[in-house]
Amino acid sequence: MSTVAPPQTLPQANDPCWCGSGRKYKRCHRPLEGRVMQGEISPYRPVPAHIARPSYADTGRVERWDEPRVKSPEIIGRMRHSGKVAAEILRLAGAMVAPGVTTDVIDVYVHDLTIERNAYPSPLNYHGSRKSVCTSVNEVICHGIPDSRALRDGDIINIDVTAYLGGVHGDTNATFFVGDVDPESRKLVQVTEECMWKGIEAVRPDRPVSDIGKAIEDHAKKFRYGVVKAFVGHGIGEQFHTDIQILHYADTRGSTTIMRPGMTFTIEPMINLGTWQHRMWDDDWTAVTADGKRTAQFEHMILVTDDGFDVLTGGEGAVSPYAPWKR
Ligand code: MF3
Ligand code: CO
Ligand code: CO
């Protein structure tokens, strides 16, 4: 991080940069202007001992074991509950989004709401993650770490909530507007929500999971948006992420996994105004668009049923309760 603050009036493109590097402004700090800057990350918040925790909570190491892809009715019942709890927390967290609110304050709120519901915030210590929710602003694709950065009028923010309750995870996210957002960004967020629902509506037993990515990419292409490839939907249940992968773009690799009644996975497309390519911040967590343009995401946890799908994080209380074009 730079210790020199940017000046009130910025230099011309070919003038020396304000930071004192001696390079031209256009070759130095100009590409970073308007980008999200990392703030201070607050200390780890513990979870009370009476709350049942996943095995990684104490170690930060994620053990993987074989988990049946098709869940028993009993597990599905528990996932319905953890899904509902996650959806409620997401809605409440979204309601506090406003200019001036820091992502750290959102993290504390999600942490407390989760604990109040006797659930463990799944992101906390998952692969060593130090926060209870992911907050991804503007060009941040996913896995944004809550910090002291205050939301600004015109930002967009994705909040990704996962709650562990009854021995299973419930995972859902949505993108929210901060105050007055420009039309181009609003359109991106709307189409991204549509992309998620197009993917969900492609869920049918005995069809390959590649139908989902194809439906999503077909819709995104109409608007010339980029579809992120590096992050995918995932099987979920007693483990946060299981072996099923749900690509959000058309790819034959998804054609050998066939959807069966009782399977549970997430659909969580990340759609970009510009290129589909990503970069990592040097914190090795935060993924941003390679061109710095904005990106949006929506996520639901889905059950394959005998004749289609069920949205385990959906229903009346959800941020995205049903396909937007059917409202
Ligand atoms: N909730 C994210 C997902 O949809 C995963 C977050 S992992 C974390 O898969 F460690 F960053 F929390
Ligand atoms: Co998620
Ligand atoms: Co997920």
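## Close-up views of two cobalt ions and their ligand neighbour

**View 1. Meet the cobalt ion (ligand 2) and its protein donors.** In this predicted model, the cobalt ion (ligand 2) is coordinated by Asp 160 (OD), Asp 160 (OD), Asp 171 (OD) and Glu 299 (OE), at 2.1 to 2.4 Å. Notice that Asp 160 is listed twice, each time with an OD atom. Along the sequence, the donor residues of this ion follow the spacing D-x10-D-x127-E. Which word describes the site of the cobalt ion (ligand 2)? The site is irregular, with angles of 58 to 169° among its 6 donor atoms. To place two of the donors, find Asp 160 in strand E4 (residues 156–165) and Asp 171 in strand E5 (residues 168–177), 11 residues apart. Are Asp 160 and Asp 171 buried or exposed? Both are buried.

**View 2. Now look at the cobalt ion (ligand 3).** Here the protein donors are Asp 171 (OD), His 234 (NE2), Glu 268 (OE) and Glu 299 (OE), which lie 2.0 to 2.2 Å from the ion. Read along the chain, they give the spacing D-x62-H-x33-E-x30-E. Why is the arrangement around the cobalt ion (ligand 3) irregular? It is irregular because its 6 donor atoms subtend angles of 51 to 161°. For comparison, ideal angles for six octahedral donors are 90 or 180 degrees. The cobalt ion (ligand 3) also links distant parts of the chain: His 234 sits in strand E7 (residues 233–235), and Glu 268 is in the loop between strand E9 (264–267) and strand E10 (270–272), 34 residues apart. His 234 and Glu 268 are both buried.

**View 3. Put the two ions side by side.** How far apart are the cobalt ion (ligand 2) and the cobalt ion (ligand 3)? They are 3.2 Å apart. Asp 171 forms a bridge between them, coordinating both ions.

**View 4. Finally, see how the protein surrounds ligand 1.** Around ligand 1 there are 14 residues, and the closest are Pro 123, Asp 160, His 234, His 241 and Glu 268. This shell divides into 5 nonpolar, 5 polar and 4 charged residues. You can pick out some polar atoms here: one in the side chain of Asp 160 is 3.0 Å from a nitrogen atom of ligand 1, while one in the side chain of Asp 171 is 3.1 Å from an oxygen atom of ligand 1. In the side chain of Glu 268, an N or O atom lies 2.8 Å from an oxygen atom of ligand 1. Taken alone, ligand 1 exposes 340 Å², and the protein buries 95% of that.

Definitions and conventions:
Residues numbered from 1 in each chain as written. Chains lettered and ligands numbered in written order. Predicted model: local features only at pLDDT ≥ 70, side-chain atom pairs only at ≥ 80, totals over all residues. Heavy atoms only, no water. Near = heavy atom within 4 Å. Polar contact = N/O pair within 3.5 Å; in protein donor to acceptor, adjacent residues only side chain to side chain. Areas by Shrake-Rupley, 256 points an atom, 1.4 Å probe, with all protein chains shown as cover. Nonpolar A, V, L, I, M, F, W, Y, C, P; charged D, E, K, R; others polar. Donors = N, O, S within 2.8 Å, 3.2 Å for Na, K, Ca; no water. Tetrahedral: all angles 85-135°; square planar, octahedral: opposite > 155°, others 65-115°. Helix = DSSP H or I, 4+ residues; strand = E, 2+ residues; numbered from the N terminus. Buried < 20%, exposed > 50% of the residue type's maximum accessible area, 1.4 Å probe, protein only.
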